[in-house]
Amino acid sequence: MNDSFGDFNATQTAPAGAASNQKGEGIVPLVIKQIVDAPEGNIEMFGMQYAMVCVAAIVRNIETSSTKITYTLEDHSGRIDAHYWLEEGDALKAPEVMVNNYVKVYGTTRSQAGQKTLMVFKLLPVLDPNEVCTHLLEVLNARYRAEDYQNKGGSDGAAAGSGSIANFTASQSTAIVSGLDPKQQAVFQAIKSNVSEEGISRKELKAKFSHISDSELTNILDFMISEGHIYSSIDADHFICTM
């Protein structure tokens, strides 16, 4: 990896203790080396913290067990293992990807035995090579937008829910769920806009969407969980957006 990308990666690491108690929000596109070199906790860039990352990489190896599928991902900057956890009966729902093909992965970062890994929420095959180039442009764009946000007074990260960075990640999330129908999109946006740590409850969603029957709401939630758009949090009746 050339020096310019090394410098780029270094600027991502925040000063020790900076914004350590903030809750990350949104998705940030990164190259693998940025994830590997990042400190523990949420990914941080110029005072902005992110809950999830997105990478575009080649699948170099696939290992399947009864509980998870481990993908070894590689881009021009490095390698990382990504774990897709299986629940009972989920084996047939596993992403259809092949070794030496490009994928786009959305997930959270973890450290296991001193090594960074990705916990996969969504894994999609890359069908158009232009997506890889676009991803690299998004990586650069996110970095410069974050720096610009800090220079304009957002260095304390207090306004993580507003400004250019939030707009960038919001537009990215909208693109991810462009296949949802209007009702599904409305429910998704309600879940996404909830900022509580435990997520929005089924009761709150019923109150917001009284015109949607209980059974239809359940079907919408089940569909979005199966597609990786949302997940249940503290129990089966609280939901958080993965985007």
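A word before the points below: a strand here is a DSSP run of E with at least two residues, a helix is a run of H or I with at least four, and both are numbered from the N terminus. Please also keep in mind that this is a predicted model.

1. **K104 in strand 7.** Let us begin with a lysine. K104 belongs to strand 7, which covers residues 102-112. Is K104 buried or exposed? With a relative accessible area of 12%, K104 is buried, because buried means under 20%. Setting aside neighbours within four places in sequence, K104 touches C54, V55 and A56, then K122, L123, L124 and V126, and finally E131, H135 and E138.

2. **V132 at helix 3.** V132 lies in helix 3. Its relative accessibility is 16%, so V132 counts as buried. Apart from neighbours within four places in sequence, V132 is in contact with Y102 and V126. V126 is also among the contacts of K104, which makes it a handy residue to find when looking at both sites. V55 is another contact of K104; the C-alpha atoms of V55 and V132 are separated by 9.3 Å, although their positions lie 77 residues apart along the chain.

3. **A142, further along helix 3.** A142 is in helix 3 too. Its relative accessible area is 2%, so A142 is buried. Which residue, 112 residues apart from A142 in sequence, has its C-alpha 8.5 Å from that of A142? It is L30.

4. **A salt bridge within helix 3.** Side chains of opposite charge can pair when their charged atoms come close. E147 and R143 do this, with their closest N and O atoms 2.5 Å apart. The two residues are four apart in helix 3 (residues 130-154), so about one helical turn separates them. The partners differ in exposure: E147 is partly exposed at 25% relative accessibility, whereas R143 is buried at 9%.

5. **A nonpolar patch.** L137, L140 and Y144 make a nonpolar surface patch of about 310 Å². L140 is found in helix 3, and at 31% relative accessibility it counts as partly exposed. A142, in the same stretch of numbering, is buried at 2%, so it is worth viewing helix 3 with both L140 and A142 marked.

6. **Salt bridges elsewhere.** How many salt bridges does the model have? The count comes to eight. One of them joins the side chains of R79 and E74, at 3.2 Å from N to O. Both partners are partly exposed: R79 has a relative accessible area of 49%, and E74 has 22%. R79 and E74 also take part in a network of salt bridges that includes R60.

7. **A link between helix 5 and helix 7.** E216 and K183 meet through their side chains in a salt bridge, 3.1 Å from N to O. This pair connects distant parts of the chain, with E216 in helix 7 (residues 214-226), K183 in helix 5 (residues 182-193), and their positions 33 residues apart. E216 counts as partly exposed at 27% relative accessibility, and K183 is partly exposed at 34%.

8. **Helix 5 and its cover.** The 12 residues of helix 5 should span 16 Å at 1.5 Å a residue, and the end C-alpha atoms are 16 Å apart, which agrees. Which residues of helix 5 are buried? They are Q184, Q185, V187, F188, A190 and I191. Their cover includes helix 6 (202-208) and helix 7, together with strand 9 (200-201), strand 10 (230-232) and strand 11 (238-241). Helix 7 therefore appears twice in this picture, as part of that cover and as the home of E216, the salt-bridge partner of K183.

9. **The three-stranded sheet.** Strands of a sheet pair through backbone hydrogen bonds, either parallel or antiparallel. Here, three strands form an open sheet in the order 9-11-10, with antiparallel pairing. Strand 9 and strand 10 stand at the edges with a single partner strand each, so one side of each has no neighbour in the sheet. Strand 10 pairs with strand 11 in the antiparallel sense over three bridges. What is the bridge partner of S232 in strand 11? It is F239. Strands 9, 10 and 11 are also among the elements that cover the buried residues of helix 5.

Methods:
Residues are numbered from 1 along each chain as its sequence is written. This is a predicted model: local features need pLDDT of at least 70, side-chain atom pairs count only at pLDDT 80 or more; totals for chains, interfaces and linings use all residues. Side-chain values use heavy atoms; hydrogens and water are left out. A salt bridge is a side-chain nitrogen of Lys or Arg within 4 Å of a carboxyl oxygen of Asp or Glu. Buried means under 20% relative accessible area, exposed over 50%, partly exposed in between (1.4 Å probe, protein chains only). Contact means heavy atoms within 4.5 Å. Patches are made of residues with over 30% relative accessible area and no salt bridge: like charges are joined within 9 Å, nonpolar side chains (Val, Leu, Ile, Met, Phe, Trp, Tyr) within 5 Å. Accessible areas come from the Shrake-Rupley method with a 1.4 Å probe; for residues, only the protein chains shown count as cover. The expected span of a helix is 1.5 Å times one less than its number of residues. Two strands pair if DSSP finds at least two bridges between them.
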